[in-house]
Amino acid sequence: MNHDELTAFVTELADDLVPAAVESGTGMGALLASAEAIVDDKAVLGVMVTAIRMGNIASYLLAAATARAEAIGIPVRNRMKNGRDLLRELPLAPATVNRVARLAQHLDDLPNVVRDVRDGDLTVEHADAVIRGLDHIATRMGADGFTAVRDKTATTLLAHARIDQPAQVMEKARELGHELAPLDPPSTPPADNPSLNQASITRTDEGRVTLEADLDQLSGEKLHTALDALAKPIPAPDGSPDPRPRAQRTADALVSVITAYLASRNRPTVGGVVPHITMTVPLPVLVGSGGEGDSRVARLGFTGSVSAETAREIACGNTEVTALITADSVPLDAKRTQRFVTGTLRRALEARDGGCQFPGCGRPSAWCEGHHIQQWADGGETNLKNTVLLCSLHHHTYVHGKGWNIQIGFDGHPWFQSPEGGDWIRCHNRRTLTLADHAAA
């Protein structure tokens, strides 16, 4: 069937459906004529099912055409390597190109899978999961061992593809790979090979930092375990749901793990020096007196220049930060006795607060930073009456970001007030003493 014949077939099919459907209010024709003409639920669902089946059939036709193009040498005549290159010339997503190309390569050796796609009963995504699953098992068993079980394994994966999602089909393939892999010599799956691990940290043009990692299964399990509890939603003090989406909570959890690591006193050293964030900041930036020129810009050791607001936020109380304060590039001791919450003061804070004191949080002190209630740049002292332990989320997002107010109350403990004002709320440790309307969740 050539292009003109196919176009005529589709047009004729649509024309055949429209009249009857418009009269009865059912079928695909009603959808083509007018959405308002469809009043029957079954008709709408029928259109959806038919469209999916047609899409599956179209995927088979595309794969069959790709295989035929390779057989008669079209890619070579057009200075291309194979049918996959032909597919790349079409308006298809790269993932779709790969799936169709793989299906085209297995039209003859996976007849049951191909038949289901051709009949519209199986999507190309599910068929591709079967194909990739078989490839995975073959790499675990070796070509000779896999040949004997190939047909049976293909039947098993196809049965799962008919009822499960593609990801579940791949998981079943991994299970079969573990079961069928020979014990001698042992076969190491890619998921168990830490030598394949890769990670990159890059800085974008906007100054943000992008992290990409490809980890073995055990390392990934450790990462999930470390982040899972920290990424759980944290209700607001009034009990409303955490507004952060899952991706943001995961990023905050990762930052919390890094913060706790940097706060640890027993972490490995580099040349005898415990790793820490290094910031060089001119005094005018820190105290907000303005200025111009490169000497008026704060800089971090790895990621470069930062805004004055971020510099003051960093200097607020991160125990892992070393700030080299300079004026006109000349080192200057501008401490008001002590800027950072360290030593005896840190232990006193941990004894009083025991963890993040933002209402409803309570993360352990190892995950927390000492926050200056009155900023150091504004004359605030570094002492027990002017500091409070906060986790990174509530320190930077809520207090510095959203403007929550804090004061040390008559009881010697922190009290919190929302940016909108209103009543003051007791800290997390003493939330049970708060009036019921203001109790933390």
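Let's start inside this predicted model, at its largest nonpolar core, which has 31 residues. The residues with the most contacts inside that core are L103, V113, L122, V130, L134, I137 and L157. Six helices each supply at least two residues of this core: α3 (41–71), α6 (94–105), α7 (111–118), α8 (124–141), α9 (143–161) and α10 (166–180). The largest share comes from α8, with 8 residues. As general background, nonpolar side chains in soluble globular proteins tend to be buried together.

L134 is a good place to zoom in. Which residues does L134 touch, once its neighbours within four places in sequence are left aside? The list is L110, F146, R150, T153, A154 and L157. Of these, L157 also appears among the core residues with the most contacts.

Now follow the chain onward. Apart from the helical residues just described lies another core, of 18 residues. Among its members are C356, V388, Y398 and W404.

V388 brings us to strand β9, which covers residues 387–391. Is this strand enclosed or open to the outside? A residue counts as buried when its relative accessible area is under 20%. By that cut-off, 5 of the 5 residues of β9 are buried, so the strand is largely enclosed by the rest of the structure. Looking at the two faces in turn, T387, L389 and C391 are buried on one side, while V388 and L390 are buried on the other. The pairing partner to look for here is β8 (residues 368–372), which joins β9 in the antiparallel sense over 5 bridges. To find the register by eye, pick out H372, whose bridge partner in β9 is T387.

A little further along the sequence you will meet an open sheet of 3 strands, in the order β10-β11-β12, with antiparallel pairing. Its edge strands, each pairing on one side only, are β10 (405–408) and β12 (425–426). Strand β11 (residues 414–417) is joined to β12 by 2 bridges, and these two strands run antiparallel. Here W415 makes a handy landmark, as it stands opposite R426 in β12.

Finally, let's go back to helix α3 and look at the surface. V44 lies in this helix, and α3 is also one of the helices that supply the largest core. Is V44 buried or exposed? The answer is in between: V44 is partly exposed, with a relative accessible area of 37%. Together with L45 and M48, V44 forms a nonpolar patch on the surface, with about 270 Å² of accessible area for the three together.

Methods: Residues numbered from 1 in each chain as written. Predicted model: local features only at pLDDT ≥ 70, side-chain atom pairs only at ≥ 80, totals over all residues. Heavy atoms only, no water. Pairing = 2+ DSSP bridges. Helix = DSSP H or I, 4+ residues; strand = E, 2+ residues; numbered from the N terminus. Core = buried A, V, L, I, M, F, W, Y, C linked by side-chain atoms within 4.5 Å. Buried < 20%, exposed > 50% of the residue type's maximum accessible area, 1.4 Å probe, protein only. Contact = heavy atoms within 4.5 Å. Patch = residues over 30% accessible without salt bridge, like charges linked within 9 Å, V, L, I, M, F, W, Y side chains within 5 Å. Areas by Shrake-Rupley, 256 points an atom, 1.4 Å probe, with all protein chains shown as cover. Salt bridge = Lys/Arg side-chain N within 4 Å of Asp/Glu carboxyl O.
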